[in-house]
Amino acid sequence: MSARIGEILIKQGLLTPDQLQTALNRQKAHSGRLGSILIELGYVPDHDIATALAKQHGVPSVDLAHFHIDPNVIGLIPVDKAIRHEVLPLQKVGMTLTVAITDPSNVLALDEIKFMTGYRVEPLVAPEFCIRQAIEQHYGTEGAIALKRVYDELAAEGEYQLDLSEEKEDVDLNELQKSSSEAPIIKFVNIILAEAIRRGASDIHIEPYEKDFRVRYRIDGVLYKVMNPPLKFRDALISRIKIMANLDISQRRLPQDGRMKIRINQNGFRKEIDFRVSSLPTLFGEKIVLRILDRAKLPLELDQLGFEPEPLKQFQRAIQMPYGMVLVTGPTGSGKTSTLYTCLYELNTPEVNIMTAEDPVEFNFAGVNQVQINEELGLTFASALRSFLRQDPNIILVGEIRDLDTVEIAVKAAMTGHLVLSTVHTNDAPATINRLLNMGLKRFLVATSVHLVCAQRLVRKICSECKERADTPIETFIEIGFPPSVAADVVTYYGEGCPKCNGTGYKGRIGLFEVMEISSEIQDMILTGANSNEIRSKAREQGMITLRESGLGKIRAGITTIDEVLKETTTRGGRVFKI
C-alpha cells in the first residue's frame with residue numbers, strides 16, 4: 001500500500017522519487033505509516049495524503065473543519081478506540097454510521113467499530129492531524145486523554161504505594177526521589193510539558209489545594225485549566241520537576257528558582273526549549289510555575305511586534321543613536337523583554353560591545369555579554385552597571401530600573417557615550433517622566449538623558465482559521481474613540497472558535513505601542529516642572545499615537561477585537577486613556 005501511495009503522489013507531481021526513497025528509508029528505520037512520515041518531513045501536506053488515500057481506495061475524503069459532527073454519535077465510539085484507530089464518528093443515518101478515518105484499509109478497525117456499535121460503517125478519509133484535533137475537541141484534550149492512560153498505568157502498578165497523606169510532615173527523601181524517577185511519573189511530567197509546548201503556552205502552573213490538584217496553561221496571556229491529577233501524585237510529580245531543574249527536593253519551606261532544558265522532536269525537527277522553574281511553598285504544598293522559553297517564538301524584527309509605521313521609525317532612530325536612554329514601559333507580561341531582545345538582535349554586530357544585566361536571563365544571545373543578577377551575593381543592577389562602565393561597552397541593557405542608585409548610574413552611562421536600554425513599570429509613556437523624578441532623579445538629568453519612551457501592551461489576535469465578520473453598531477465605534485467620519489467604514493471581526501485556537505477564537509498576540517520622543521519642547525517642559533497631562537498633550541500635538549489609538553488601528557485592520565483593546569487600554573476605575 002505504501003509504495004502505491006508514493007506512486008500516486010509522484011504521478012500527481014506532489015512528491016519526487018528521491019523524497020519517496022528518503023521517507024521509505026525512515027519508515028524502515030523507525031516504522032510508522034508512510035503518509036505520516038511524509039507529513040513530518042514536510043514533503044506533502046496532510047490534505048494531499050488524505051486525497052491520495054481516498055483515490056487509492058475509492059473512498060471519499062472529508063474536510064472536518066467544515067463538516068458538522070453530530071454530538072449525539074460521539075459516544076458510540078469510546079475515546080481509547082478513537083485514539084487507537086484514529087477514527088471519529090461523524091453522523092448516523094438509519095443503521096449506517098459514517099466515520100472519518102486516516103487509513104481506510106484498516107479493516108480490523110472498521111470491523112471492531114461495526115461489532116461494537118452494531119451499525120454498518122461507512123468510512124471517509126481525513127488527514128491524521130485533523131482527526132486528532134477533532135478528537136481533542138469532542139472528547140477532551142489530548143493531554144488529558146494521555147494522562148488518563150498514565151493514571152491507569154499508575155493504578156495497575158502494584159509497587160507504587162508511596163504514603164503522602166496530608167498529616168505526614170516528614171517524607172522519606174530516598175522514597176520520594178525513587179517515586180519521582182519511576183516511569184509513570186516521568187511520562188506524566190513529559191505529557192504536561194509536551195502538551196504545553198504543542199498548545200503554544202507561555203507558562204505552566206501546577207497548583208496544590210486542600211482537596212484538589214490542578215494544572216493550568218497560560219496561552220496568549222489567559223490561564224486555562226487543563227487537568228486535575230489525583231492529589232496522591234502531588235509530591236512525586238513536584239519532586240520530579242524539581243529534580244529536572246536541579247532544585248533541592250528536601251527543601252519545601254523556602255522558594256527556589258531553577259532552569260531546565262528539554263529536547264523535542266517537532267515536525268521532524270529537533271530543537272531545545274528552556275524552562276524557568278519557580279517553586280513556592282503554599283498552605284497545601286509547593287506550587288510550581290514553569291515559564292516556557294522557546295527562542296523560536298522570539299520576534300527577530302521590530303516590524304513584527306505591531307508598531308505603526310511612524311512610531312517604528314522613531315523607535316528605530318532612537319536605538320541607532322550612539323548614546324542616550326531608551327525606556328520601554330508597561331505592566332508585567334506586556335512584552336517589554338521581547339521588545340528589548342528584538343532590539344539586541346538588531347543591534348548585535350561584531351563592531352559593538354553589548355552588555356546586559358538581567359533578572360533573570362531569559363534567552364542567550366551569541367555575541368552578547370549577559371549577566372545574571374544575584375542580590376544575595378551582592379550582584380545588584382547598580383553594582384553590575386558600575387562594573388559594565390569599566391568593560392568598554394557600547395550598548396547596555398538594564399533589565400529593570402527599580403531605584404535611584406540604578407537610575408543614576410544608567411543616566412551617567414547614557415550621558416557619557418553609551419546607549420542604555422531599560423524598562424520601567426508605568427501606565428503610559430508620559431507618566432514615565434514623573435516616575436523617574438519620583439525616584440529622586442534631577443529634572444535636568446531626565447531631560448538630557450532620555451531620548452525616547454515606549455509604552456506597550458499585548459492583545460490577542462483573532463484566529464485566522466475561524467475569523468468571522470461581527471455586527472457592531474456605529475455608536476460603539478464612536479464611544480470607544482473612532483471619529484464619526486471613520487466609524488461608518490469600520491468592519492470588525494471575531495473568532496468563532498476552532499481546533500487551531502483551542503476553541504478560544506484567538507491565536508497569538510500583538511503589541512499596542514505608544515512611542516514618545518523627547519523633543520526639545522518636551523525637554524523644556526520637563527525642566528520647567530510640567531506634569532504628565534501637560535507632557536501628554538504636547539506629545540499628542542507632535543503626533544504621538546496613544547495606546548488606545550494603536551488598538552483602534554488594529555481593530556480597523558481586523559487583527560484584534562474591541563474587547564481585547566478595551567481590556568488593555570482602560571483603567572481599573574473604568575476611565576479610558578485620553579486619545
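# Exercises on a predicted model

Seven strands make up an open sheet with mixed pairing, in the order β12-β11-β13-β14-β10-β15-β18. The structure is a predicted model. The exercises begin with this sheet and then turn to single residues and ring pairs.

## Exercise 1: The sheet

Task: Find which strands are the edge strands of the sheet, and state what the twist averages from one strand to the next.

Solution.
- Step 1. Read the strand order, β12-β11-β13-β14-β10-β15-β18, from end to end.
- Step 2. The edge strands are β12, residues 368–372, and β18, residues 506–517, since each pairs on one side only.
- Step 3. From one strand to the next, the twist averages 20 degrees.

## Exercise 2: Strands β10 and β14, and a helix across the sheet

Task: State how many bridges join β10 to β14, which residue is the bridge partner of Met325, and which strands helix α22 lies across.

Solution.
- Step 1. Locate β10 at residues 324–329 and β14 at residues 419–424.
- Step 2. These two strands run parallel and are joined by six bridges.
- Step 3. Met325 has Val420 in β14 as its bridge partner.
- Step 4. Helix α22, residues 547–556, lies across β15 (450–462) and β18. The angle between α22 and β18 is about 140 degrees.

## Exercise 3: The whole chain

Task: Describe the protein chain by its helices and strands, its buried share, its contacts and its exposed area.

Solution.
- Step 1. The protein chain holds 23 helices and 18 strands.
- Step 2. Its residues number 579, and 49% of them count as buried.
- Step 3. Take the contacts with a separation of 6 or more: 63% of them are between residues 24 or more positions apart.
- Step 4. The chain exposes about 28,200 Å², and 49% of this comes from carbon and sulfur atoms.

## Exercise 4: Aromatic pairs

Task: Say how many aromatic pairs a search of the whole structure finds, then classify the pair of Phe307 and Phe315 and the pair of Tyr341 and Phe363.

Solution.
- Step 1. The search finds five aromatic pairs.
- Step 2. For Phe307 and Phe315, the ring centres are 5.1 Å apart and the planes stand at 35 degrees, so this pair is tilted.
- Step 3. Phe307 has a relative accessible area of 10%, so this residue is buried. Phe315 is also buried, at 0% relative accessibility.
- Step 4. Tyr341 and Phe363 are 5.8 Å apart from centre to centre, with 80 degrees between the planes, and form an edge-to-face pair.
- Step 5. Because Tyr341 is in helix α13 (residues 336–347) and Phe363 is in the loop between β11 (354–358) and β12, the pair ties together parts that are 22 residues apart in sequence. Both Tyr341 and Phe363 are buried.
- Step 6. Ring pairs also link Phe513 with Phe307 and Phe315 into a cluster.

## Exercise 5: Charges over rings

Task: State how far Arg460 is from the ring centre of Tyr506, and which ring the charged end of Lys467 sits over.

Solution.
- Step 1. Arg460 lies over the face of Tyr506, 4.0 Å from the ring centre.
- Step 2. Lys467 has its charged end over the ring of Tyr493, at 4.8 Å from the centre.

## Exercise 6: Two residues and their contacts

Task: Decide whether Lys242 is buried or exposed, and list what Leu389 touches beyond four places in sequence.

Solution.
- Step 1. Lys242 lies in helix α11, residues 234–244.
- Step 2. The relative accessibility of Lys242 is 1%, so Lys242 counts as buried.
- Step 3. Outside its neighbours within four places, Lys242 has contacts that include Asp248, Arg252 and Glu286.
- Step 4. Leu389 is in the loop between α14 (381–388) and β13 (395–398), and is partly exposed at 27% relative accessible area.
- Step 5. Beyond four places in sequence, Leu389 touches Ile396, Ile409, Ala413 and His418. The C-alpha atoms of Leu389 and Ile409 are 9.2 Å apart, with these positions 20 residues apart along the chain.

## Exercise 7: Backbone exceptions

Task: Find where the cis peptide bond lies, and give phi for Asn246 and Asp392.

Solution.
- Step 1. Recall that most residues other than glycine have a negative phi, and that most peptide bonds are trans.
- Step 2. Asp359 and Pro360 are joined by a cis peptide bond, with omega about 0 degrees. Pro360 is in the loop between β11 and β12.
- Step 3. Asn246 has a positive phi, near 60 degrees. This residue is in the loop between α11 and β7 (256–266) and counts as exposed at 69% relative accessibility.
- Step 4. Asp392 has a positive phi of about 55 degrees. Asp392 lies in the loop between α14 and β13 and counts as exposed, at 62% relative accessibility.

Technical notes
Residues are numbered from 1 along each chain as its sequence is written. This is a predicted model: local features need pLDDT of at least 70, side-chain atom pairs count only at pLDDT 80 or more; totals for chains, interfaces and linings use all residues. Side-chain values use heavy atoms; hydrogens and water are left out. Two strands pair if DSSP finds at least two bridges between them. Helices (H or I, at least four residues) and strands (E, at least two) are DSSP runs, numbered from the N terminus. Axes are lines fitted to C-alpha atoms, for helices over the stretch in contact, and angles run from 0 to 180 degrees between N-to-C directions. Contact means heavy atoms within 4.5 Å. Buried means under 20% relative accessible area, exposed over 50%, partly exposed in between (1.4 Å probe, protein chains only). Accessible areas come from the Shrake-Rupley method with a 1.4 Å probe; for residues, only the protein chains shown count as cover. Rings of Phe, Tyr and Trp (its six-membered ring) pair if their centres lie within 6.5 Å; planes under 30 degrees apart count as stacked, over 60 as edge-to-face and the rest as tilted. A charge sits over a ring if NZ of Lys or CZ of Arg is within 6 Å of the ring centre and within 35 degrees of the ring normal.
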